[in-house]
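Notebook open, viewer open. I want to go through the charged pairs, then a few spots along the chain that caught my eye.

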Amino acid sequence: MDWYMMNCELLATCSALGYLEGDVYHREPDCLESVKDLIRYLRHEDETRDIRQQLGAAQILQNDLLPILVQYPQDKVLFDAVIRLMVNLTQPALLCFGKVPLDATSRHHFLQVLSYLQAYKEAFASEKVFGVLSEKLYDLLQLDWEQRQEEDTLLIERILLLVRNVLHVPPDPTEEQGVDGDASVHDRVLWALHITGMDDLLKFLASAQAEQQWALHVLEIISLMFRDQSPEELAALGQGQAAAEHGEDTRELETLRQRELAERRARALQRPSRHSRFGGSYVLQGLKAIGDRDVVFHKGLHNLKSYSHDLGKETRRVPRRRQAAPEAEPPRRSARNVRLFLHRFCQDFLEGCYNRLMLLVKDQLVREKAQQHDETYYLWATAFFMAFNRRRGFRPELVSETVGVRAFHFIEQNLTTYYEMALMDKKEAATWARRMHLALKAYQELLRTVQEMDRSPEQAVRDSSQVIKSNIFYLMEYRELFLALFRKFDETKQPRSFLRDLVETAHLFLRMLERFCQGRAGLVVQSKRVRRKKKPRAPAALTPQPPSTAELEELWAGLGPQLQACLQGEVPLPEDVVPFDAASETPVEEQRAEALLRIQGCLRDARAPQALRLLRSARDVWPEGDVFGPPDAGPPEETRLLREILFAPLPRHVPPEAEEPEDEEEEDEEEEEETVQVSEKEFNFLDYLKRFACAPVVRALVLLLRGYARNSPRTNHCAARLLHRLARDLRMEALLFQLSLFALFHRLLSDPAAGAHQELVALAKFILGKFFALAATNKKAFVELLFWKSPVAVREMTEGYSCLREGEGAGRSRVPPWTPQEEQELRELYWKYKEVEGEDVVAAILAHLPAPGRTRRQVVKQLVRLGLAGSAKDFPRERKGTRLVLWTQEQEEELARLFEEFQGSEDVLGNIMKHLTARRSRARVVEKLLGLGLVSERKELYKKRRRKGHSPGQGLAGALLVPAQDSSAEDGDSEEEEEEDEAEEGPMEEHWVPEEGAGQGLAHRLHQEGLAGPLRWLENCLRRTAGDREEEGVSHPVPLVPLSEENEDAMEDRRFRALLRQLGLRPPASEQESFWRIPAALTPQQLRHAAASIAHHSPDPGRSPQGLLEPPRCPQDPNPAEQLPAGLGSDSESEEPVPNPLQPGTKRRRELDSEDEDEGSSGTGPAPAAPGSLEDEDPQPLGKRKRIRRVEEEEED
């Protein structure tokens, strides 16, 4: 469609506006109605924005609307209508189309609308237009709030929106191709805005108490005003600016000139002294051509370095989805007068408006009174004006509103939100990446401001920076932020400028954290660890509640006459009932269980004939095991069997499990409960730095350094310093042995202008030297160049490829290989048990494998690997709920006989389980005993507990009152019942006193099994409590609060809790208590005897003379290099720290936070002291000790 051919009605409406004669515009009588008609037309335009395009093609705004606005400002109604129309016409193209269209047709319409907007912006670069707008806005702001009508408020908002729309129009790159310093269209609009005093009105709106509602409008306009500006350049203006700019330009030209001279010199050295008109032909030995012969080179030798097999090939096209994200337009240098005006505007804004405006905007954002994504203007203003203040005579009081822990928290939250949305919203990932870049720049500027506060001559400012750093470094979220951004960096979604700011910010954060750690021994930081506990997934559909026993009794009474009639032959049985389908894919075992369910369903539906026919047919199909009765069963036995089936709790509606793939875990599908464990641990800077020793971080740094010639010296320094930290500080030079990085080093070292990058050259020579030294001993190093490496691979590469397969580091999780002898035994066992009917082949193999420790999954995978099975689907696991729960008469008699035999023993249920012929679970045995009336309640089956006279060697049998255990339990019901029995068991008597030497044997076994740390912790707690009771003379129950993960795991261990019972300690008495307690009845002498009984008397080099757990070595301790090699083989921060004796008379500083760099270590916190130690001289109350807090996160459906 030709947009210059306007719609007839639209053309008539535009003609009724008026006409321009010279510089005077004559309006028509219907001018106001025509403006309103145009507003109505725009309201009903189609998705191509046809009305907008026709008005733009006719230049209605330039030829009609702006002249009306300038010449008739006194007509209030017409002025208001024209402003409304212009706000609609100038709204951004993104708002009109929603997003940048992808199809060619819609994109053409989008670009057409954008070109009309650029023409509108050029028409607004007029002092007359902004003069009228400024005067009107000034008159409206002079009105008090009593005199200001609703129309006046709407007009103020529309004027601000019009200014916003005009400033928002992007520049036209084809039209504006001037050099830096030329006045662009945007500069001319800004100058017109400045000349007419609009900038002063904006500052008034930002600072006036009565104009708070315009805070976000003003901030958005200001952000658009400074869109093309750099805060550093604006701040440097006026401080010898002309000489500074000239010097910067001179340095850039000098760099280019040196590069050109170096290239010219290199070319001159390559030319021979005597010119030859014949280039000659040469054979390149060792370089094969397409065939088996060497390459023949037909050019001069000076062109030999440029030879490549890729010469003449077509360059491979990169798919659009793999192309690098486009960079934002670089900031340009505006005209000098515009920059001077913006410089003064920044100064005035900081001194009179910044803190107040940012407070109002923050309040609106927190209260969600702003529009979506308006926080991006807040983030931009934070980064821009704080950078300007930092470079222009740093005054922290001017930006106090955005300097603080709350500002860090707000920016970190938004940055995390953008990061998560970029991962989830793949289609809009580039948009979220731009918002993430704004938040990152604000975060970087906050760090730089805090660093500048450290250099302030005022002590109060320096103290404030220390408080801010203490809080920032304490929390784990701030330390983990950069690791997450590095690991999820995607060059197709995030531009290289984002990577540049990320590297610079990470370098700044690491340097500030390193300096903060210096001189602080025992720095404590917060650590969070998410524990996931699996629980069975809730059923997808609600199953009906089974009938109660009373209901079943009533139903059976009603079925009796009908069943007797069927058994006597008075009622004929149906003939079409078949319990088995030979053509079905359902296994035979499942069909047998399904037959039981069908019989039970018929009985519960009062269909006795069908139930009896199913029972007799199933007996014929499955005669083995007498599950459906013996073959010669008479009517009494059939009646008894039908009654048992009716009352049996058979599993109903068992959903079919999906076939288990080869790589799937054996457990049933489960969902997880997440528990966040918050604790405090000592911080080690080198352990934290090890978190950066991973392939994503190194890959991002290499990607940034590929453009070292275009990077600023600051960017190259930050990237090189991060690589230097990984290579030298962590002694992981092999982490940088990568071919792409070596190619970059080759390009750098052969660059004629490499003298300008001395730091990178030194790093390249150092890494290359280390590589060739390693390659002399490890010939596989050249192959390792092809892969990005982890710390585990680095350690294997430098120390040997078998160093981690001997039970340390990541090698512990590796599956032991199958030896030829084990494979042969596996084959024999498979062929032996393959043909055994009704037996699980894999279970039989596991029971007879001579080598212990193999799992079902490992055996199945090895069978598939050996070709004995097609896939893991050939070995389906036995499904839960398919085992039969019916008891035969002989089994009931055997159970009654065993109960009478062991009724007087200490462990009735355990002895019955050992001697029972048919393997049943504890839950089924207990249920049958209750059903037969042999016991009246479950407590009669508990183990008997001896109150006194038991020896330490008796262990659990003499000290605990717990249900008997049976290792032959077939399902999880036994474990669940054990937990229920323990819950029903009453607490230990408060005044029970342990005998001397109690628990010594059990403590010795626990020490041999690796619980030495928790035992030392328990011993110290007992000794400290004894000392406190002797000193105070008063005894109170003292809770045992585990301060480390190792101690907490021990408290969950059944044997460790048995030891606590033997020592006389009391478990939680009710739901109000969470910890075990040392009873008040135990005297100091008894506590010391108990501590002595669990003490390990063998030489233990890990303990200090006082029995204290020694704190880990801090990064500031002497000889830090001695502990460095211990961590080279791990990518986490869980290495055991080097102990450092605790000096007497010193006190631990409760510095800030910690993180999970020392997870699972028992020495992360201060241990209780032995008598006579520091803690006896200066006891600390329990409330001041570190505690572990659990936060349950519930998932909402």
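**Entry 1: a pair out of sight.** I started with Glu45 and Arg52, which form a salt bridge with their closest N and O atoms 3.0 Å apart. I checked how covered they are, and both Glu45 and Arg52 turn out to be buried. Note to self: this is a predicted model, so every value here is computed from predicted coordinates.

**Entry 2: Lys76 and its partner.** Next I looked up Lys76, which makes a salt bridge with Asp152; here the closest N and O atoms are 3.4 Å apart. I traced both ends: Lys76 sits in helix H5 and Asp152 in helix H9 (residues 150-168), so the bridge links distant parts of the chain, 76 residues apart. Asp152 has a relative accessibility of 6%, which makes it buried, since the cut-off for buried is under 20%.

Back to Glu45 for a moment. I found that Glu45, Arg49 and Arg52 are joined into one network by salt bridges that share partners.

**Entry 3: Asp75 and Arg27.** I then asked for the total and got 34 salt bridges in the structure. One of them brings together the side chains of Asp75 and Arg27, at 2.8 Å from N to O. What does this pair tie together? Asp75 is in the loop between helix H4 (60-71) and helix H5 (76-89), while Arg27 belongs to strand S2 (residues 24-27), so the bridge connects parts that are 48 residues apart in sequence. I looked up the exposure of each partner as well. Asp75 has a relative accessible area of 25% and is partly exposed. Arg27 comes out at 35% and is also partly exposed.

**Entry 4: a serine in a loop.** I moved on to Ser456, which I found in the loop between helix H19 (429-454) and helix H20 (459-474). Is Ser456 buried or exposed? Its relative accessible area is 10%, so I put it down as buried. I also listed its contacts, skipping neighbours within four places in sequence: Ser456 touches Val461 and Arg462.

**Entry 5: helix H36.** I counted burial along H36 (residues 856-865) and found seven of its 10 residues buried, so the rest of the structure largely encloses this helix. The buried ones are Arg856, Gln858, Val859, Val860, Gln862, Leu863 and Val864. What covers them? The cover includes helix H34 (820-833) and helix H35 (841-848). I also looked at what comes after the helix: Gly867 follows H36 and has a positive phi, near 80°.

**Entry 6: a nonpolar patch.** For the surface, I pulled up a nonpolar patch of about 390 Å², made by Leu739, Val783, Leu786 and Phe787. I picked Leu786 for a second look and placed it in the loop between helix H32 (781-784) and helix H33 (791-799). At 52% relative accessibility Leu786 counts as exposed, because the cut-off for exposed is over 50%.

**Entry 7: two strands.** Last stop was strand S3 (residues 282-288) and strand S4 (residues 294-297). They run antiparallel and are joined by four bridges. Which residue of S4 stands opposite Tyr282? I found Phe297 there. The connection from S3 to S4 is a hairpin that passes through five residues.

Notes:
Residues are numbered from 1 along each chain as its sequence is written. This is a predicted model: local features need pLDDT of at least 70, side-chain atom pairs count only at pLDDT 80 or more; totals for chains, interfaces and linings use all residues. Side-chain values use heavy atoms; hydrogens and water are left out. A salt bridge is a side-chain nitrogen of Lys or Arg within 4 Å of a carboxyl oxygen of Asp or Glu. Buried means under 20% relative accessible area, exposed over 50%, partly exposed in between (1.4 Å probe, protein chains only). Contact means heavy atoms within 4.5 Å. Patches are made of residues with over 30% relative accessible area and no salt bridge: like charges are joined within 9 Å, nonpolar side chains (Val, Leu, Ile, Met, Phe, Trp, Tyr) within 5 Å. Accessible areas come from the Shrake-Rupley method with a 1.4 Å probe; for residues, only the protein chains shown count as cover. Two strands pair if DSSP finds at least two bridges between them.
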